[in-house]
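Subject: Structure handover

Hello,

Here is the structure for you to take over. My notes on it follow below.

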Amino acid sequence: MHFDCFIIGAGAAGLCCGIRCALAGLRVAVAGAGMSSLHFSSGCVDLLGRNRLGEVVFEPFGQMQALAAACPEHPYSKIGADAVKSGLDFFVDQAKARNLDYCANGDKNHLHITALGKVRTTYLSPDGVYSPRIEEAFLNKKKVAVLNFAGFRDFYPELAAANLKKHPLFENCQITTGEIKLPELSRTGGSVRELRSIDIARHFDCAKDLGPVAEQISRLGQGAQFVALPAILGISNYKSIRKSLEDITGTIIYEVPTLPPSILGMRLDEALRSRFAELGGVLLSGERVCGGGIEKSRVFSLDLASRAKISADNFVLATGSFFSGGLASRLDSIREPVFNLKVLANQKRGNWYNPTFLSKESHPFMEYGVMTDSSLRGLDAAGRAVENLYCAGAVLAGYHPVREQSGLGVAIGTGVFAADRIIGQANNPNNS
Ligand SMILES: Cc1cc2nc3c(=O)[nH]c(=O)nc-3n(C[C@H](O)[C@H](O)[C@H](O)COP(=O)(O)OP(=O)(O)OC[C@H]3O[C@@H](n4cnc5c(N)ncnc54)[C@H](O)[C@@H]3O)c2cc1C
């Protein structure tokens, strides 16, 4: 099989890159060895939530010029603020094409509530987490209810409410808590404390009668400007479920992003995969790329676990960081396992981490990754740019997704940027 573009890694970076290439009419495949980090993320797209001084950022694009001057190796510095913005706009459109609505506060960050009741910034949120009407309720609330489903073990309304009360936005607001019983699940016997987000989401997807749940929301949330529930109201039918509950109760339902497995992240993963497939992209799920050959500064072969024979004009490495196997550590080294690309990493193990686990400085290894030229082309072990190999997402060096809150912003921005370079070359082959 021959492709115009072969993408290694089926996370946000690889899939956004694949969707962009497919829309441009390229023959494109994405190989993903396993689940991506989306299943663990909040589902909200962080762009730049904190600056280098650790201060909260509300105008992320306004910070990017200073970032470019201070950190030229940062992926945003390489691709530029305009490309980041255009990548995120593209992402919103593609999610919408699969009926998944993401909302932004213009070009600014907005606030959302975490499962622990912290109020934190992000840039794009699913419309159950942020929308103009939710913002209105946020600003004018006098009473809020935080409710859980009986048996769901990863959300604690009392803890969330206690933390919320500490935030200036909520200090003068009455916060009540409570628990909703799901009649069908309580009839199954055994310990109801064993329910995970996915169990309850599947239950909602098949629920025939939302009346009993709506009745409890109305009773427990009486008078509240919004009712905060863990975001587990279905994976596929969540829109109609949320709308039905809001119509019956007359209350805004606020979906609080949960701990992993994250239903909001799974909705996004499903939307990106199905968008890619409907555009004619070839998705090789469960396919691991074990290695790749580079000769004369070009990738010329790939070694797939299935032993399928493929060739391509261009390749994209979007294999994620340590978490997804895009970077591998040994006792005394850190390497990129597919092409053995040059990595930006301190090779002395003692320098990889901060001895204080929860230090504000965080851990140096979070910034390790593959090195690229200014077009995001990977550098081989000798430091030469590989002409037909682009890198995108968490495998990249030079940024700290946790400390600066930029994980999905970098993944989407660089994934779309890599696609545009490849599309540009396909349209104008002399421009390599
Ligand atoms: C627990 C957690 C919570 C997070 N929360 C947020 C959040 O709330 N907001 C936010 O913006 N960011 C968040 N992030 C960061 C964000 O999710 C990631 O930065 C981003 O999703 C990275 O996307 P990616 O496509 O680069 O990599 P990944 O999502 O890691 O995907 C890499 C893919 O490559 C595949 N792969 C790896 N090696 C191979 C191989 N050899 N062959 C084939 N496939 C391979 C993997 O199986 C996987 O499918 C979070 C991250 C984690 C871990």
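**Glu-73 and its lysine contact**

Glu-73 is partly exposed, with a relative accessible area of 40%. Please keep in mind that this is a predicted model. Glu-73 sits in the loop that runs between helix H2 (60-70) and helix H3 (75-79). Its side chain makes a polar contact of 3.0 Å with the side chain of Lys-78. Apart from neighbours within four places in sequence, the residues in contact with Glu-73 are Lys-78, Ala-397 and Gly-398. For a sense of distance, the C-alpha atoms of Glu-73 and Thr-249 are 51 Å apart, with the two positions 176 residues apart along the chain.

**Thr-372**

Lys-78 appears again here: its side chain and that of Thr-372 are joined by a polar contact of 2.9 Å. Thr-372 lies in the loop between strand E18 (369-370) and strand E19 (377-379). Is Thr-372 buried or exposed? Thr-372 has a relative accessible area of 8%, and the cut-off for buried is under 20%, so Thr-372 counts as buried. Once neighbours within four places in sequence are set aside, Thr-372 is in contact with Lys-78, Arg-377, Gly-378, Leu-379, Cys-391 and Leu-396.

**The ligand site**

The ligand is surrounded by 33 residues, and the closest are Ser-37, Ser-42, Ser-324, Ala-394 and Leu-408. By class, this shell holds 17 nonpolar, 13 polar and three charged residues.

Three polar distances may be of use to you:

- The side chain of Ser-324 has an N or O atom 2.5 Å from an oxygen atom of the ligand.
- A polar backbone atom of Val-289 is 2.9 Å from a nitrogen atom of the ligand.
- A polar backbone atom of Ala-12 is 3.2 Å from an oxygen atom of the ligand.

On its own the ligand has 1,000 Å² of accessible area, and the protein covers 86% of that. Which elements give two or more residues to the shell? They are helix H1 (12-23), strand E2 (28-32) and helix H12 (407-427). H12 contributes the most, with three residues.

**Ile-19 in helix H1**

Helix H1 also contains Ile-19. Ile-19 is buried, at 0% relative accessibility. Leaving out neighbours within four places in sequence, Ile-19 is in contact with Phe-90, Gln-94, Leu-272, Arg-275, Phe-276 and Leu-279. Of these contacts, Phe-90 is 71 residues away from Ile-19 in sequence, while the two C-alpha atoms are 9.8 Å apart in space.

**Helix H9**

Helix H9 spans residues 211-220, and its buried residues are Val-213, Ala-214, Gln-216 and Ile-217. Viewed down the axis of H9, these buried residues fall within an arc of 160°, so they line one face of the helix. The general background is that an α-helix has 3.6 residues a turn, so residues three or four places apart point the same way. What covers the buried residues of H9? The cover includes strands E7 (143-149), E8 (174-180), E9 (226-230) and E10 (252-256), together with helices H8 (197-206) and H10 (238-249).

Regards

Terms used
Residues numbered from 1 in each chain as written. Predicted model: local features only at pLDDT ≥ 70, side-chain atom pairs only at ≥ 80, totals over all residues. Heavy atoms only, no water. Near = heavy atom within 4 Å. Polar contact = N/O pair within 3.5 Å; in protein donor to acceptor, adjacent residues only side chain to side chain. Areas by Shrake-Rupley, 256 points an atom, 1.4 Å probe, with all protein chains shown as cover. Helix = DSSP H or I, 4+ residues; strand = E, 2+ residues; numbered from the N terminus. Nonpolar A, V, L, I, M, F, W, Y, C, P; charged D, E, K, R; others polar. Buried < 20%, exposed > 50% of the residue type's maximum accessible area, 1.4 Å probe, protein only. Arc of directions from axis to C-beta. Contact = heavy atoms within 4.5 Å.
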